[in-house]
Amino acid sequence: MEGKDYLKGRGAQYNPHNKFVQDVYGKFHIEAIDSFEEESNKTIFIPSEAKSLVHKVNSPDVGMAFSANPYQGCEHGCIYCYARNSHQYWDMGSGLDFERKIIIKTNAVELFEKFISRKNWNFTPIHLSGNTDCYQPIEREKKLTRDILQTALHYKQPISIITKNALILRDKDILSELAKLGLLKVFVSITSLNEDTRQKIEPRTVTAKQRLRVVEELANCNIPIGVNVAPVIPGLTDTEIPQILKASSDAGAKWANYIIIRLNGQIGEIFKDWLQVAYPDRCDKIWNSILSCHHGQVNNSNFGERMKGTGNIAEIIRNVFKLHCLKNKLNLEPFEYAKIDRLHYRDTQLSLF
């Protein structure tokens, strides 16, 4: 990247002002006598006891009813991440803070078990990574996701996961057991097969080659696996859809989905700042292509439109995606969770005591 000095290994390059915070801290006069405290680019981890973990999802077009996120903030640093805005509720920024200040919900496993062990819980599938990636780097040490999966297996709780980290392969043992019971589906997010592009838009994620390895290894374990081509960035990654779908199918994926990028809240200004430096030659083309998919805006909140976009470019993307799903035999049949006899299971558990 050229122009102003950019932080290597980060997506966002600054923190937009948090609308919930009145005070502003910054370097305004270079001739000031007092020294200015520059923030470190090192990731810090903040332990926190959450009040709840599993939350109902009211949006009808996201494909999940409940989600659980053991971490808040994400070190992956994906420049487009819609979850950045949520970091403001923790009195932090949606830019660099989201990538550098990760909140660890230390009581996540206990909260998860408490939620799914309720007498009136109907065992609706719970989605892991609805907000931030449950397999981001800190999971290697904390193992909150692994312990949640172990708890889900014990209670026969249906689970869905989406990730872009190969760390998920660590948990093949538990995932395989959930899959045998028909209680699991996994999606791997693949945005680009081009490594230079991946390093710019998703600086701390694993390569596309590694993600395809995840698809292959999980498929070999008979774990239901699909890919999420998301987000599709018109003018940048949309031409890769055929290659991504073929490579995913060859690796063993059975399903595929896509989402057109939308830049809600402060993400629009964070993304445009990044775009002007990362792709100065294509900045206007990419930005205008995004606008054309959302009625002249970079974000559309209308259910039914916001994920797939509208207009000519969105229609071309939709048609190309459908065509190559058909060519690669993806989405031939819907995934269905197995039906577990909960009454029999609970009687069996009680007999153990």
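**Figure 1. Isoleucine 46 has isoleucine 103 as its bridge partner in strand S5.** The view is taken from a predicted model. Strand S1, residues 44-48, pairs with S5 in the parallel sense, and 5 bridges link the two. Strand S4, which comprises residues 71-72, is joined to S5 by 2 bridges, and here the strands run antiparallel. In this antiparallel pairing, tyrosine 71 stands opposite isoleucine 104 of S5.

**Figure 2. Strand S5, residues 101-105, is mostly covered.** Of its 5 residues, 5 are buried. Lys101, Ile103 and Lys105 point one way from the strand, whereas Ile102 and Ile104 point the other way. Residues on both sides of S5 are buried, the two lysines included.

**Figure 3. Helix H11 spans residues 312-327.** The helix has 16 residues, and the distance from its first C-alpha to its last is 23 Å, close to the 22 Å expected at 1.5 Å a residue. Lysine 329 follows H11 and has a positive phi, near 55°.

**Figure 4. Helix H11 has a buried side and a face turned away from that side.** The buried residues of the helix are Ala314, Ile317, Phe321, His324 and Cys325. These residues lie on the same side of H11 because they cover an arc of only 105° around the axis. In an α-helix there are 3.6 residues a turn, so residues three or four places apart point the same way. The buried residues of H11 pack against strand S9 (225-232), helix H8 (241-251) and strand S10 (255-260). On the face turned away from the buried side are the exposed residues Asn312, Ile316, Lys322, Leu326 and Lys327.

**Figure 5. Cysteine 134 is shown with its closest cysteine sulfur, that of cysteine 74.** The two sulfur atoms are 9.8 Å apart, which is too far for a bond. Cysteine 134 counts as buried, because its relative accessibility is 0%. Cysteine 283 is also buried, with a relative accessible area of 6%. Across the whole structure, a search finds 0 disulfides.

**Figure 6. Residues 347-353 have a pLDDT below 50.** For the protein, the mean pLDDT is 88, and 86% of the residues reach 70 or more. Beyond near neighbours in sequence, the stretch 347-353 has 1 contact in the model. Where pLDDT is low, predicted coordinates should not be read in detail.

Definitions and conventions: Residues are numbered from 1 along each chain as its sequence is written. This is a predicted model: local features need pLDDT of at least 70, side-chain atom pairs count only at pLDDT 80 or more; totals for chains, interfaces and linings use all residues. Side-chain values use heavy atoms; hydrogens and water are left out. Helices (H or I, at least four residues) and strands (E, at least two) are DSSP runs, numbered from the N terminus. The expected span of a helix is 1.5 Å times one less than its number of residues. Buried means under 20% relative accessible area, exposed over 50%, partly exposed in between (1.4 Å probe, protein chains only). The arc is that of the directions from the helix axis to the C-beta atoms. Contact means heavy atoms within 4.5 Å. Two strands pair if DSSP finds at least two bridges between them. pLDDT is the predictor's confidence in each residue, from 0 to 100. A disulfide is a pair of cysteine sulfur atoms within 2.5 Å.
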